[in-house]
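Here is a protein model to look through together. Take a moment with the sequence and the fold, and then we'll walk from one part to another.

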Amino acid sequence: NLSSLTNREYEITSLRPVSSTMFRQFISTFRALLSALSRREYPVVLFLDDLQWMDDATFELLEAMVAPSDPSFLSTQHLLIVGAIRSEDPRTPVVLNRLNEGLRRQRNLSQSSQEESITYIDVGNVDKSTVTQMIAGTLSMPPSRCSSLGSVVYEKTIGCPLAVLRFLDLIRTNELLTYENDNTWAWDESKMRSETNVSNNVLELVQQNIDHIPKPLTEILAIAAFLGYEFEGETLFGLARCEHLETLAKPAMTRLEFLSHLNRAFKEGLVETTDSPQNVTAHGRSDFPIYKFSHDKVQQALYISVVDSDALLIHRAIGLFLWHEEGEKSAMDVADHLNLTEQHIIARSLLVDVNYAASKMARTRKSYPLSAKYLNNALRLLGPEKWTEHYDRSLEMSTFLLELYMACGNSTEVEIVVSEVLAHARCLEDKLPVMVSKVAYLGSMSRYAEAISYAGSVVRLCGKPIPKNPGILQVLLALSTVRRVVARLTDDDIVKLPTVTDTKVDYMLQILSRVASYATMMDRISLRIWCALRAVQLSLEHGLSSATPMALALLGVVEFAFRDVKAAARFGRLSRRLVEERELGPEAKAQAYSLSCFVLHWSDSLDGAISKLPKAGMEAGVLGGDLEHGFLSGFVHIAMIQARGEPLSTVEKAAREVCLQMKEFKVDGLLNLAKPHWQYVLNLLGKSEDPLIFSGEAMDETEHLNDPMVVGSSHQRMILTNQKFRLARLLGSYKSAEQHAMILTKQFKDYPISSGSVVYDIKLNLALLWYHCARESRGGRQKWKYLSKARGEVKFMKRMKAKGCPNFDTILPILEAEEASCVSKDSRAVDTLYEAAITSASGKLHHESIALEQAALFHIGQFDVSAGGEYMRRAVSKYLEWNAYAKVATLLDRYEPLGMFCDDATIKRMTLCVPALDGASSAGSGPSQREQKLSNGL
């Protein structure tokens with residue numbers, strides 16, 4: 001009983017996962033629980049019955065339980081999972097194939113040499129002797145005395161264990177098996193053979209048993225069978241007396257009579273009580289426990305015993321009763337029952353209301369296909385003339401259906417709904433919602449060119465065209481206009497602006513803000529700036545809308561591009577204030593949190609309040625239906641926890657969760673942005689064949705570069721380039737790092753803006769690369785060229801720090817020491833600077849590791865193996881703490897020949913967790929000149 005561990009009881013309101021994020025958190029927590037419970041001394045056996053009914057959630061849970069045991073997963077190697085499945089069920093082959101595929105995939109991920117991960121045991125019927133032993137145990141008599149009875153029972157049941165028990169119940173009920181006065185059992189074998197049928201079908205035996213129980217009880221249990229395998233006694237009591245059951249109703253039945261019927265069913269072995277807490281009804285009564293059928297075959301037998309006409313009656317009664325008692329809370333169950341009845345016995349308007357409510361309920365549970373199914377049913381029930389007779393409701397439902405199809409990624413259905421609405425909508429204001437939704441959908445599918453083109457046609461209908469490629473004069477004029485208006489308003493004035501009342505302006509704002517985002521992906525910078533400025537101008541003139549926070553955040557990006565950091569920070573904070581102080585909807589929160597982070601990090605610490613924005617934006621976006629900006633927030637979240645230097649295993653779990661959700665919702669454009677981040681972390685964790693090639697679980701580098709989305713977007717290519725550059729520099733492949741650095745700084749000059757919080761790592765690694773190249777240069781001119789580049793990066797960082805950016809504080813001391821190591825001959829002074837850098841970086845695993853490594857390299861260059869070895873061992877320890885196992889493997893491969901680790905038993909033990917990398921020695925670019933001289937000397 002796990003409740004004893006928490007000293008608290010939890011009320012379970014639903015077994016359905018509220019969202020994919022919460023369900024994956026549940027999977028992680030459940031795996032952690034199993035890992036904590038299962039030990040070598042106390043292994044755990046988990047038994048799962050009826051796997052033929054396994055759903056997607058159960059399969060994901062099973063797959064997680066057998067996931068590979070490595071540093072990023074909790075071990076469950078002392079867990080045995082036993083599952084039972086019915087071989088005769090038509091779903092069984094599908095389930096077994098899926099299990100095999102899932103286990104094979106996990107085996108490949110773990111690179112296990114084990115050939116068998118699953119063992120099959122065919123549990124057939126038992127033999128005659130076993131049947132005899134079962135009877136002997138049941139009747140408490142020696143097997144030798146009941147061997148003849150065992151033979152008859154075996155003939156009748158063909159050894160099916162459950163059939164044996166049901167057959168004993170049957171012959172006991174028919175008095176063919178009796179308990180005599182002399183305390184012995186007696187039976188009539190001839191009557192058994194003549195008056196019972198041979199069957200190994202449990203269903204038939206259950207039906208024969210049911211025929212012998214009183215009719216009132218049979219009718220009550222039949223109603224219970226329609227409620228499900230598990231049912232509430234209070235609900236069943238209300239139904240049994242419900243007038244909607246007509247001839248089956250028992251309105252005069254008292255609670256005592258009802259309870260006596262259920263007690264009889266309990267004694268007959270047909271139902272059992274559960275250990276679930278009793279539900280208190282609306283009237284405060286909870287006299288009856290929660291019941292369940294003793295076996296699903298009992299429920300099935302009772303269900304099929306009802307004739308079709310009565311079955312329709314019961315479905316109708318259950319639906320109406322639940323709708324009356326519980327309302328929209330049970331809308332999905334109500335719809336499932338009422339949709340099975342004939343429409344002429346249920347008011348069409350009621351069916352429409354129920355299906356619409358069920359659709360909304362399924363939508364809140366992220367069951368988009370099911371929600372669309374209910375909504376389509378509601379629209380169908382409105383009739384072929386729905387647009388004439390029920391215009392407002394048809395428009396409302398069709399708009400909602402469009403949202404559901406967008407969430408499902410069903411392009412064909414999206415086009416059909418949009419076309420239908422545009423064909424029947426009576427005015428432009430009714431058309432605009434679906435047109436704006438289509439713009440958003442095209443953008444979420446990374447069809448940016450189509451989205452911008454369609455958005456232009458929509459805006460033209462509103463009489464406010466968007467220029468295809470705004471010129472510099474148009475951009476400067478728009479910027480001066482906005483600055484002039486903003487200068488007259490304080491932040492409080494903007495926050496207190498009224499809400500926009502003009503519908504056209506509201507939708508214009510939404511379209512302009514989205515086009516500004518898409519233009520970034522299409523490298524149309526002037527269009528992005530113009531749209532952002534125009535959106536802000538409309539908001540300040542006409543009032544706030546859900547798109548205003550996004551427009552202000554984009555204005556902040558524009559101001560930063562013009563090097564006005566103070567103004568950029570102002571608009572980033574204003575964007576955040578608006579969604580927190582005004583009710584502008586969840587999509588506004590997702591948009592503001594994702595985009596404001598691109599400017600707020602220049603003024604706020606990454607460890608401060610902005611660290612919570614991306615995750616909050618993702619939850620708001622996904623729950624609110626704005627998948628595009630919800631997952632943009634998820635992408636920003638991955639980048640930010642990387643930049644904060646959190647353990648890579650933590651970063652990998654977050655990246656995996658976000659990327660899998662992006663894949664689930666088919667948000668391919670943002671997935672292409674996030675995959676390089678994920679693969680970067682996987683490579684550092686040692687989970688790739690070649691640590692410098694971005695190919696593994698997250699992505700295949702060759703396929704990624706050939707993807708039309710990547711080919712057509714410099715932003716996508718920039719993301720991959722900066723990740724490859726950072727990895728190459730960190731792993732010591734300086735030649736490759738220099739090539740990527742040249743591409744990054746020449747082809748993607750706006751990377752400081754578009755990289756987001758990753759810019760700090762990029763700037764640090766650029767400076768470290770140029771300092772390294774300066775030290776390795778053979779000629780003075782080349783050395784000063786590289787020093788000039790390094791100093792340019794440092795100058796940028798100091799300038800940003802002077803303007804209030806706190807995120808270079810742990811980076812600049814490292815680069816100050818690097819500068820001194822290149823130009824100063826005072827080794828003590830340089831060593832003091834490195835110590836100061838290490839102290840300053842304390843608490844930032846990635847920066848502290850780098851500071852220690854650079855200090856080690858400096859001392860190695862000074863031929864001080866003792867001090868260099870001490871720093872290098874500390875660096876390896878920190879890299880291990882950061883989980884950068886590929887980096888550790890490279891350092892060990894490179895410096896262990898110098899004898900730096902031979903006397904450190906702790907380091908040797910710790911390196912056992914470093915994955916074996918076949919190409920580890922090739923990750924670096926070879927030892928430097930000083931290191932080669934030192935090696936030769938040793």
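**A walk through the model**

Let's start with some strands: β6 (residues 271–273) and β7 run antiparallel and are joined by three bridges. Helices and strands here are DSSP runs, numbered from the N terminus, with at least four residues of H or I for a helix and at least two of E for a strand. Two strands count as paired if DSSP finds at least two bridges between them. Before going further, keep in mind that this is a predicted model, where local features need pLDDT of at least 70, side-chain atom pairs count only at pLDDT 80 or more, and totals for chains, interfaces and linings use all residues. Residues are numbered from 1 along each chain as its sequence is written, and side-chain values use heavy atoms, with hydrogens and water left out.

Back to the strands. To see how β6 meets β7, look at Val271, whose bridge partner in β7 is Phe293. Strand β7 (residues 290–293) also pairs with β5 (residues 230–232), again antiparallel and again through three bridges. Here Glu230 has Lys292 of β7 as its bridge partner.

Now for the surface. Which residues form a nonpolar patch there? They are Val45, Phe47, Leu80 and Val82, and together they have about 380 Å² of accessible area. That area comes from the Shrake-Rupley method with a 1.4 Å probe, and for residues only the protein chains shown count as cover. A patch is built from residues with over 30% relative accessible area and no salt bridge, joining like charges within 9 Å and nonpolar side chains (Val, Leu, Ile, Met, Phe, Trp, Tyr) within 5 Å. Two strands, β1 (44–48) and β2 (79–83), each supply at least two residues of the patch. Leu80 is in β2, and its relative accessibility of 48% makes it partly exposed. The scale goes like this: buried is under 20% relative accessible area, exposed is over 50%, and partly exposed is in between (1.4 Å probe, protein chains only).

Next, a couple of loops with something unusual in the backbone. Arg563 sits in the loop between α27 (548–561) and α28 (565–581). Its phi is near 65°, a positive value in a residue other than glycine. Further along the chain, Phe863 is in the loop between α43 (845–861) and α44 (865–882). Phe863 isn't a glycine either, yet its phi is positive, at about 65°. Is the Phe863 side of things buried or partly exposed? Phe863 is partly exposed, with a relative accessible area of 48%.

On to charged pairs. Side chains of opposite charge can pair when their charged atoms come close. How many salt bridges does the model have? The count is 26, where a salt bridge means a side-chain nitrogen of Lys or Arg within 4 Å of a carboxyl oxygen of Asp or Glu. One of them joins Asp492 and Arg577, at 3.0 Å from N to O. Asp492 belongs to helix α24 (residues 491–495) and Arg577 to helix α28, so this pair ties together parts 85 residues apart in sequence. Both ends are partly exposed: Asp492 has a relative accessible area of 38%, and Arg577 has 25%.

Another pair is Asp761 with Arg726, also at 3.0 Å from N to O. Since Asp761 is in helix α39 (residues 759–776) and Arg726 in helix α36, the pair ties together parts 35 residues apart in sequence. Here the partners are buried, Asp761 at 7% relative accessibility and Arg726 at 2%. Helix α36 covers residues 714–730. Leaving out residues up to four places away in sequence, Arg726 touches Gln642, Tyr680, Val758, Asp761, Ile762 and Asn765, a contact being heavy atoms within 4.5 Å.

A third salt bridge links Asp809 and Lys801, at 3.7 Å from N to O. Asp809 is partly exposed at 33% relative accessibility, and so is Lys801 at 41%. Elsewhere, salt bridges that share partners join Asp607, Arg644, Glu646 and Lys844 into one network.

Finally, the cysteines. A disulfide is a covalent bond between the sulfur atoms of two cysteines. Counting pairs of cysteine sulfur atoms within 2.5 Å, the model has zero disulfides. Cys597 is buried, with a relative accessible area of 3%, and Cys822 is buried too, at 8%.
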